[in-house]
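Hello,

Here is the structure I promised to pass on to you. Please open it and keep it beside this email while you read.

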Amino acid sequence: MSKSNKNILFLALILLIALIAAYGNHFNNGFHFDDSHTVIDNVYIRDIKNIPAFYSNPKMFSADPAHWGLRPLVSTTLAIDYKLGGGLNPFYFQLSTFIWFTLLCVLLFFMYRNLLTQSSTNQWTGYIALGATAWYALHTANAETVNYVIARSDVLSTLCIVASFLIYVAYPAKRKWYLYIIPAIIGVFAKETVLMLLIILFFYILLFENNLSIADLFKLKNIKLVFNAIIKVLPLFVIVAAVQFYTLSKVTSIPNVTSPLFYYLLTQSYVWLHYVFTFFLPSNLSADSDWTVIQNAFDERIILGLVFIGLLIVTIFKTSVKKETRPIAFGLIWFAAALLPTSVMPFSEVTNDHRMFFAFVGLAFSVVTFIGLWLKKWQKQIEISKGLQVLVGTCILLVLGFNAYGVHQRNKVWKDEESLWLDVTLKSPLNGRGAMNYALTLMAKGDYNNALVYLNEAMKTMPRYSLLYINIAILKGATNKPDEAEANFKTAIQCDANSYNGYVYYGRWLKQVGRYTEAIAMAQKGLQINPNSVLALQILMGCYNQLGQWDQLRQAANQTLTLVPGDAGALTFLEAAKTHTTVVETGHPGKQQPTAADYLNQSLALYNQQKYTECIEACQQALKLKPDYADAYSNMGAAYNQLKQWNKGVEACEHALKIDPNHKLAHGNLNWAKNQLTKK
């Protein structure tokens with residue numbers, strides 16, 4: 001091994017240590033945003049036996065019908081992580097993504113070095129390749145992708161693109177076996193961006209193998225070379241396009257494509273400029289941007305963006321002329337090709353930080369190659385001057401060090417929902433969704449007053465957002481404002497009648513307030529839209545249990561067990577259906593002991609089933625936990641009255657009225673008992 005290679009290996013080991021240190025505080029970071037429906041609520045990733053079905057059933061990708069699609073490679077890795085972690089253990093999910101990311105960085109070094117070797121051979125080649133790899137690996141913006149579990153689709157697809165490209169470039173003699181197509185096929189099952197490999201490979205053939213500049217492509221004498229390049233990428237195109245057609249054929253629609261196309265395209269020019277700026281100064285990253293489409297073609301941002309696009313094209317043309325600078329042109333082409341899919345499809349989200357992940361592979365290569373060529377030009381002066389050597393080394397360490405520090409800080413932001421959405425409200429104050437999600441973290445802590453402030457703030461920018469009304473309704477229900485809660489649930493359904501969420505969460509609330517028949521109707525509507533909604537089935541099981549509708553309970557329990565084999569709750573309800581014994585529901589997932597309210601709800605169910613003795617026993621259990629529970633005494637009094645034990649009925653109702661003199665039901669039950677005693 002040469003001295004240069006030993007140095008590179010030593011530096012690579014240092015880079016690996018730095019990478020692990022930078023991401024060392026991210027391995028226990030939680031699930032966020034779309035992780036809710038693709039990971040947390042997705043029952044299919046809980047069983048690795050579902051892996052074959054991931055490749056044909058789009059409903060298994062997400063618990064939300066609006067996001068059904070076919071990204072089976074992503075679902076496969078999630079199922080493996082779930083199995084290894086014994087459940088939703090964030091460590092295994094984060095570790096998995098980090099391993100794929102590290103492997104990508106390893107392949108990038110060899111890809112960069114191979115491309116540089118084809119353009120020039122000198123002692124700097126390996127160092128430039130490692131420098132580009134280091135900047136990419138430690139880049140602060142990439143932490144947005146590595147931390148976001150479902151965004152591993154970007155990591156996996158980029159990994160497959162790089163692997164496919166590297167095999168093609170590094171093993172030209174093996175191309176006849178078409179082995180380079182295999183990683184590309186795998187990558188299609190992670191994300192649709194793999195098609196951009198065709199553009200990348202096309203320009204590689206022309207720039208590096210045919211030794212042409214971009215300007216040469218437009219000369220008549222080179223038409224045959226251009227045509228031959230198309231023929232060379234044709235096998236890849238046919239196979240990848242066929243696989244991509246298969247995955248897209250399983251999707252009924254692409255969600256969030258709502259922006260006006262013309263102005264969206266113009267806005268993307270400024271977005272591209274923003275991405276380049278972020279590469280050099282990643283200081284304003286946000287998990288959910290508040291950028292919107294700029295609907296003024298003469299806006300200064302559009303003009304700046306168009307000027308940037310023009311300069312980008314000119315730079316690509318100029319740097320493609322000389323063989324030595326051709327890697328710069330190629331990296332910029334990679335950058336542009338990587339951004340094309342999200343630039344021509346008018347998504348509602350104008351920009352997203354994880355869109356830079358694929359694109360920065362090319363930009364890091366261009367920038368570091370440019371710096372390397374500049375240093376090579378001044379090589380003699382640097383070798384002579386120790387001061388310049390120190391300056392160059394310091395600059396390199398500062399760039400990598402600041403980025404690594406930035407990664408460490410972004411990991412803290414992504415730690416949990418509260419830290420993430422607080423950061424979004426600060427970085428993207430006009431993003432109503434960010435304000436809403438931060439409000440949810442406050443609600444989880446019981447801070448309803450401040451949560452309402454943020455929900456109202458979100459209402460300013462999202463006055464017709466169904467999910468916002470659902471969350472307001474939940475807050476109103478939690479603060480004992482049933483009329484306002486119900487009104488907001490109904491508004492949520494009006495805003496999006498095709499979403500199952502409004503019906504299901506309204507049904508859950510109706511169940512909580514004891515309106516079981518109405519809750520069943522709402523849950524059934526939600527289940528019609530999304531047959532995979534476990535929450536809807538839980539509502540149905542709870543209501544059937546309370547009403548003593550045992551046949552329906554058995555059906556709902558079996559349906560739940562089909563989705564979630566071995567589910568403890570469903571098994572309990574199934575046994576209850578067989579024995580006709582009402583289950584005491586704990587009300588909250590994970591609660592091990594029933595509360596007084598749980599026993600009170602059971603007493604109501606037993607009363608409705610005319611099981612008055614069991615109703616009294618449930619009330620007594622509630623009173624053991626909460627001796628001053630007026631509702632429990634009132635229910636007990638009503639049950640004693642039904643058993644014609646009027647004296648006990650009077651006693652129980654009087655206890656209730658001592659606690660709450662205005663208890664209307666207790667007054668009614670007391671009068672009923674006294675009237676019966678008078679008749680005697």
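Below are some notes on its salt bridges, one buried threonine and a patch on the surface.

First, how to read the values. This is a predicted model, in which local features need pLDDT of at least 70 and side-chain atom pairs count only at pLDDT 80 or more, while totals for chains, interfaces and linings use all residues. Residues are numbered from 1 along each chain as its sequence is written, and side-chain values use heavy atoms, with hydrogens and water left out.

Let's begin with the charged pairs. The structure holds 20 salt bridges (a side-chain nitrogen of Lys or Arg within 4 Å of a carboxyl oxygen of Asp or Glu). One of them joins the side chains of Lys 191 and Asp 154, at 2.7 Å from N to O. Lys 191 lies in the loop between helix H9 (181–188) and helix H10 (196–209), and Asp 154 in helix H8, so this pair ties together parts that are 37 residues apart in sequence. (Helices are DSSP runs of H or I with at least four residues, numbered from the N terminus.) Lys 191 is buried, with a relative accessible area of 13%, and Asp 154 is buried too, at 6%. Here buried means under 20% relative accessible area, exposed over 50%, and partly exposed in between, using a 1.4 Å probe and protein chains only.

Asp 154 has another neighbour to look at: its backbone oxygen is reached by the side chain of Thr 158 at 2.7 Å. Thr 158 also lies in helix H8 (residues 152–170), and is buried at 0% relative accessibility. Leaving out residues up to four places away in sequence, Thr 158 touches Leu 104, Phe 357, Phe 358 and Val 361 (contact means heavy atoms within 4.5 Å).

Next, find Arg 515 and Glu 486, whose salt bridge has its closest N and O atoms 2.7 Å apart. Arg 515 sits in the loop between helix H23 (500–512) and helix H24 (516–529), and Glu 486 in helix H22 (residues 482–495), so to speak distant parts of the chain, 29 residues apart. Arg 515 is partly exposed at 25%, whereas Glu 486 is buried at 13%.

Finally, which residues form a nonpolar patch on the surface? They are Phe 227, Ile 231, Leu 234, Phe 237, Val 238 and Ile 239, with about 520 Å² of accessible area together. Patch residues have over 30% relative accessible area and no salt bridge; like charges are joined within 9 Å, and nonpolar side chains (Val, Leu, Ile, Met, Phe, Trp, Tyr) within 5 Å. Areas come from the Shrake-Rupley method with a 1.4 Å probe, and for residues only the protein chains shown count as cover. Phe 227 is in helix H11 (residues 223–249).

Happy exploring!

Methods
Helix = DSSP H or I, 4+ residues; strand = E, 2+ residues; numbered from the N terminus. Polar contact = N/O pair within 3.5 Å; in protein donor to acceptor, adjacent residues only side chain to side chain.
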